[in-house]
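Here are some notes to read alongside the model, written as a colleague might jot them down. Please keep the sequence and the structure open while you go through the points.

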Amino acid sequence: MNIRPVSLKTAQAFVREHHRHNKPPVGHKFSVGLFDGERLLGVAMAGRPVARMLDDGATLEVTRTCTDGTRNANSMLYGAIVRAAIALGYAKCVTYTQHDESGASLRGAGWTPVQTLAPRAGWNAPSRARSDIGSADVARTRWERNCA
């Protein structure tokens, strides 16, 4: 298995087909794919942090990972994003899991849980209408990985 860059379109299509509860993000800074030959086993998408307080120019957020169930694929994808973030000069990476997810892949890639977040009604606001991406009303855990 090896890691290669993939386009936003390819990553979005994979997430749309395989992710169990989230829609694909609409944008990214970059995405990587895990391949076995030419067969795509999983993708990870990285972008600016969604939370304004974390969007400091030195933090990268893993906005989505998705695999076909291949063993250790998620950990390999998280590791690839961190290596790319280090090479690009980022100080920290963040991502989130839902309350019922163990985070085993993140622990395997050296990430640390740093905060439990209460459920929120969604991202929709009177000043800016947004559709639900599958994470409304779900408690989450924020994970971090230092890149310095």
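What percentage of the 148 residues in the protein do buried residues make up?

1. In this model, which is predicted, buried residues account for 45% of the 148 residues. As for the surface, the protein exposes about 8300 Å², and 49% of that area is supplied by carbon and sulfur atoms.

2. On the overall layout, the protein contains 3 helices and 7 strands, and someone reading along the sequence would meet them in the pattern β-α-β-β-β-α-β-α-β-β. Of the contacts with a separation of 6 or more, 66% involve residues that are 24 or more positions apart.

3. The 7 strands form an open sheet with mixed pairing, in the order β1-β2-β3-β4-β5-β7-β6. Its edge strands are β1 (2–6) and β6 (112–117), each of which pairs on one side only, and from one strand to the next the twist averages 30°.

4. Within this sheet, one pairing that can be followed in detail is that of strand β3 (residues 39–47) with strand β4 (residues 59–67), which is antiparallel and extends over 6 bridges. Here Gly42 stands opposite Thr67 in β4.

5. Two of the helices can be placed against the strands. Helix α1 (residues 8–18) lies across β1, β2 (30–36), β3 and β4, and runs at about 110° to β3. Helix α2 (residues 73–88) lies across β1, β2, β3, β4, β5 (92–98) and β7 (140–146), and its direction is at about 155° to β4.

Notes:
Residues are numbered from 1 along each chain as its sequence is written. This is a predicted model: local features need pLDDT of at least 70, side-chain atom pairs count only at pLDDT 80 or more; totals for chains, interfaces and linings use all residues. Side-chain values use heavy atoms; hydrogens and water are left out. Helices (H or I, at least four residues) and strands (E, at least two) are DSSP runs, numbered from the N terminus. Buried means under 20% relative accessible area, exposed over 50%, partly exposed in between (1.4 Å probe, protein chains only). Contact means heavy atoms within 4.5 Å. Accessible areas come from the Shrake-Rupley method with a 1.4 Å probe; for residues, only the protein chains shown count as cover. Two strands pair if DSSP finds at least two bridges between them. Axes are lines fitted to C-alpha atoms, for helices over the stretch in contact, and angles run from 0 to 180 degrees between N-to-C directions.
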